[in-house]
Amino acid sequence: MASKLDVVAQVQRWFHDTCRSLEGESAWVSNHCDRLALALTEGFTNAVRHAHAHLPADTDIDIDLSLAADCVEIRIWDHGDPFNPELLPEPQPGELLESGYGWFLLRRLADKVTYHRSKDGRNCLSIVKYGTFPTY
């Protein structure tokens, strides 16, 4: 995807269409589609606004989706500078900030959120949601 906010609707449509198409072992993901779509949107917009703020708008942001019987993982890859989310201050209750809630929102929407710098110089935000496969 291009590094532009006007493609967010396209990203959301792709994800919702993917959720609706899931059957069998991965059908449980559709129960979490809205939460995961919000997490994906937050991660993507953060990559555009922060990681790619000083890069050309045609710099790609890649999105991978991995499905298993018991988890779904969304990976958002950007080309920005390294970032350490552990250095972000936790917003305090009652505190109104113009921005800075994204990382904390992601951690509440998903079961596991990680960030790492890959060997190829890209950043990867991983958003994981665990589910259960019904036993018969």
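Two strands pair if DSSP finds at least two bridges between them. With that criterion stated, I turn to the sheet of this structure, which is a predicted model.

Strands S2 and S4 pair in the antiparallel sense, and 8 bridges connect them. S4 also has a partner in S3: these two strands run antiparallel as well, joined by 6 bridges. One residue illustrates both pairings. Asn-123 in S4 stands opposite Asp-78, and Arg-117 likewise stands opposite Asn-123. Strand S4 covers residues 123-130 and is mostly covered, with 7 of its 8 residues buried. Between S3 and S4 there is a hairpin with 5 residues separating the strands. Within that turn, Gly-121 has a positive phi of about 85 degrees.

Let me place these strands in the whole chain. The protein chain contains 3 helices and 4 strands, and their order along the sequence is α-α-β-β-α-β-β. It has 136 residues, of which 40% count as buried. As for contacts between residues at least 6 apart in sequence, 61% join residues at least 24 apart.

I come next to the aromatic residues. How many aromatic pairs does the count come to? The count comes to 2. In the pair of Trp-14 and Phe-15, the ring centres are 6.3 Å apart and the planes stand at 55 degrees, so the pair is tilted. The upper limit for that class is 60 degrees, since planes over 60 count as edge-to-face. The two residues can also be described by their accessibility. Trp-14 has a relative accessible area of 34% and is therefore partly exposed. Phe-15, at 1%, is buried.

The other pair is formed by Phe-83 and Tyr-115, with ring centres 5.3 Å apart and planes at 90 degrees, so this pair is edge-to-face. The pair links distant parts of the chain, for Phe-83 lies in the loop between S2 and H3 and Tyr-115 in strand S3, residues 112-117, with their positions 32 residues apart in sequence. Is Phe-83 buried or exposed? Its relative accessibility is 37%, so Phe-83 counts as partly exposed.

Asn-84 is found in the loop between strand S2, residues 71-78, and helix H3, residues 102-109. Asn-84 and His-116 are 32 residues apart in sequence, while their C-alpha atoms are 8.5 Å apart in space. With a relative accessible area of 39%, Asn-84 is partly exposed; the range for that class runs from 20% to 50%.

Finally, I consider the largest pocket. About 630 Å³ of space lies in it. Its lining consists of 27 residues, and the closest to its centre are Asn-46, Ala-47, His-50, Ala-51 and Phe-83. Phe-83 thus appears again here, having already been described as a partner of Tyr-115. Which elements give two or more residues to the lining of the largest pocket? They are helix H2, residues 33-51, together with S2, H3 and S4. H2 supplies the largest share, with 7 residues. By residue class, the lining divides into 13 nonpolar, 10 polar and 4 charged.

To close, I return to strand S4. S4 pairs with S2 over 8 bridges and with S3 over 6, and S4 is also among the elements that give two or more residues to the lining of the largest pocket.

Technical notes:
Residues are numbered from 1 along each chain as its sequence is written. This is a predicted model: local features need pLDDT of at least 70, side-chain atom pairs count only at pLDDT 80 or more; totals for chains, interfaces and linings use all residues. Side-chain values use heavy atoms; hydrogens and water are left out. Buried means under 20% relative accessible area, exposed over 50%, partly exposed in between (1.4 Å probe, protein chains only). Rings of Phe, Tyr and Trp (its six-membered ring) pair if their centres lie within 6.5 Å; planes under 30 degrees apart count as stacked, over 60 as edge-to-face and the rest as tilted. On a 1 Å grid over the protein atoms alone, a cavity is a set of points where a 1.4 Å probe fits but cannot get out, and a pocket is an open set with protein on both sides within 12 Å along at least five of seven lines; lining residues have an atom within 4 Å of a point. Grid points are joined across faces, edges and corners, and a volume is the space filled by probe spheres set on the points. Ala, Val, Leu, Ile, Met, Phe, Trp, Tyr, Cys and Pro count as nonpolar, Asp, Glu, Lys and Arg as charged, and the others, Gly among them, as polar. Contact means heavy atoms within 4.5 Å.
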